[in-house]
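Biologist: Got a minute to walk me through this one? I'd like the fold first, then the odd spots.

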Amino acid sequence: MKKSLKILLVASCLLALQPAGARGKYSFSWTRSAVDGSRTGVRSSGADDVEEAMGSVRGKKYYSPSGKVFKGGTVPAVAKIMLDVQPEMSEVKQVIAYSPEAMIRRKPECALSDWFIDALMAGCEEITGKKVHVGFTNFGGIRVDMPKGDVLLDDIMSMFPFKNNLCYLELEGRDIRVILEQMASKGWQVIGGVRCTATKDGRLLGAEIDGEPLDDDRVYGVATISFLLDGGDGYAIAKNARTLEILEPYILDVMLPYVKKLTAEGRFIEYKADGRVKIVKK
């Protein structure tokens, strides 16, 4: 609770109030800036470099890593809150992996989304012992990009913060086709195990699973998340499911051990988008 109150206070301090009318009403707005050191030298800290990365507060002055000094007011107050909470965050600031390149969230497909869903599908197969042909999740479930270089526990926790359960279900090909047609028309979400071709104006032209055209009459094993089963982001993936298993693990419970296993094996976090979503003019 103490940590939550501090975070809420920081968020409140960062909000900019702007008059919206003569009746004294206000609208709220904020600007998002990358914590990459480009403004005041501040960047995300690890467990052992807090002052170097975030600066220090002495008295009523905040000394930023760039050397700029802020005297009094909101900036030192917010900086003190952020610095005071760092010892409580030391555990999540531990380095758990390494990523040679940044992986940036980008629709209709990117290395990060492919890596994510492929890992979920593999995890679903391992837990259930059943073949998973197709995977679906949403881009909104990936909250931050994969950084280049050291990857902290905090990075992975922030990437997948939602308590959505991993799920296994069986769908006929015709129902998978409906989901893919919806994605083609509304905007692509994260897919695995299937390669799709669609037009820019939102028509699904074709889909292949295991190198074969999607068969409307075949039953496929599908991995997804509980958020998308019945209405999340407008999808109802469980509609018409022949079987459905809502598994115990949350997304993070699958992804975090996977990342740690890569490190234990001496491997990095690295992936390439493989063209599973192809958009054509017509």
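Modeller: We'll go from the overall make-up to one helix, one strand, and then the backbone and cysteines. Keep in mind that this is a predicted model.

Biologist: Fine. How many helices and strands are in the protein chain?

Modeller: The protein chain has 7 helices and 16 strands. Of its 282 residues, 40% are buried.

Biologist: And the contacts, what share joins residues at least 24 apart?

Modeller: That share is 69%, counted among contacts between residues at least 6 apart in sequence.

Biologist: What about the surface? How much does carbon and sulfur supply?

Modeller: About 15,800 Å² is exposed, and carbon and sulfur atoms supply 52% of it.

Biologist: Now the inside. Which residues have the most contacts in the largest nonpolar core?

Modeller: W115, F136, L180 and W188. That core has 62 residues. Helix α4, residues 111-128, gives the most to it, with 9 residues.

Biologist: L180 is in α6, right? Tell me about that helix.

Modeller: Yes, L180 is among the buried residues of α6. The others are G173, D175, I176, I179, M183 and A184.

Biologist: Why would positions like that fall on one side of a helix?

Modeller: An α-helix has 3.6 residues a turn, so residues three or four places apart point the same way.

Biologist: What covers the buried residues of α6?

Modeller: Strands, including β7 (134-137), β9 (165-172), β10 (190-192) and β11 (194-199). The cover also includes β12 (204-209) and β14 (219-225).

Biologist: How far apart are the end C-alpha atoms of α6?

Modeller: They are 20 Å apart. At 1.5 Å a residue, the 14 residues from 173 to 186 should span 20 Å, so the two agree. G187 follows the helix, with a positive phi near 125°.

Biologist: Back to β9. Is that strand enclosed or open?

Modeller: Largely enclosed by the rest of the structure, because 7 of its 8 residues are buried.

Biologist: Which strands does β9 pair with?

Modeller: β9 runs antiparallel to β14, joined by 7 bridges. It also pairs with β15, residues 243-250, in the antiparallel sense over 5 bridges. On the β14 side, E170 has G221 as its bridge partner. On the β15 side, Y168 stands opposite E245.

Biologist: OK, backbone oddities. What should I expect as the norm?

Modeller: Most residues other than glycine have a negative phi, and most peptide bonds are trans.

Biologist: So where is the cis peptide bond?

Modeller: Between K107 and P108, with omega about 5°. P108 sits in the loop between β6 (95-99) and α4.

Biologist: And which residues other than glycine have a positive phi?

Modeller: D210 is one, at about 55°. N240 is another, with phi near 70°. D210 lies in the loop between β12 and β13 (212-213), and N240 in the loop between β14 and β15.

Biologist: D210, buried or exposed?

Modeller: Exposed, because its relative accessibility is 52% and the cut-off is over 50%.

Biologist: Last topic. How many disulfides does the structure hold?

Modeller: The count is 0.

Biologist: Why don't C124 and C167 bond?

Modeller: The C124 sulfur is 8.2 Å from its closest cysteine sulfur, in C167, so it is too far for a bond. The cut-off for a disulfide is 2.5 Å.

Biologist: Are those two buried or exposed?

Modeller: C124 is buried, with a relative accessible area of 0%. C167 also counts as buried, at 0% relative accessibility.

How values were computed. Residues are numbered from 1 along each chain as its sequence is written. This is a predicted model: local features need pLDDT of at least 70, side-chain atom pairs count only at pLDDT 80 or more; totals for chains, interfaces and linings use all residues. Side-chain values use heavy atoms; hydrogens and water are left out. Helices (H or I, at least four residues) and strands (E, at least two) are DSSP runs, numbered from the N terminus. The expected span of a helix is 1.5 Å times one less than its number of residues. Buried means under 20% relative accessible area, exposed over 50%, partly exposed in between (1.4 Å probe, protein chains only). Contact means heavy atoms within 4.5 Å. A nonpolar core is a set of buried Ala, Val, Leu, Ile, Met, Phe, Trp, Tyr and Cys residues joined through side-chain atoms within 4.5 Å. Two strands pair if DSSP finds at least two bridges between them. Accessible areas come from the Shrake-Rupley method with a 1.4 Å probe; for residues, only the protein chains shown count as cover.
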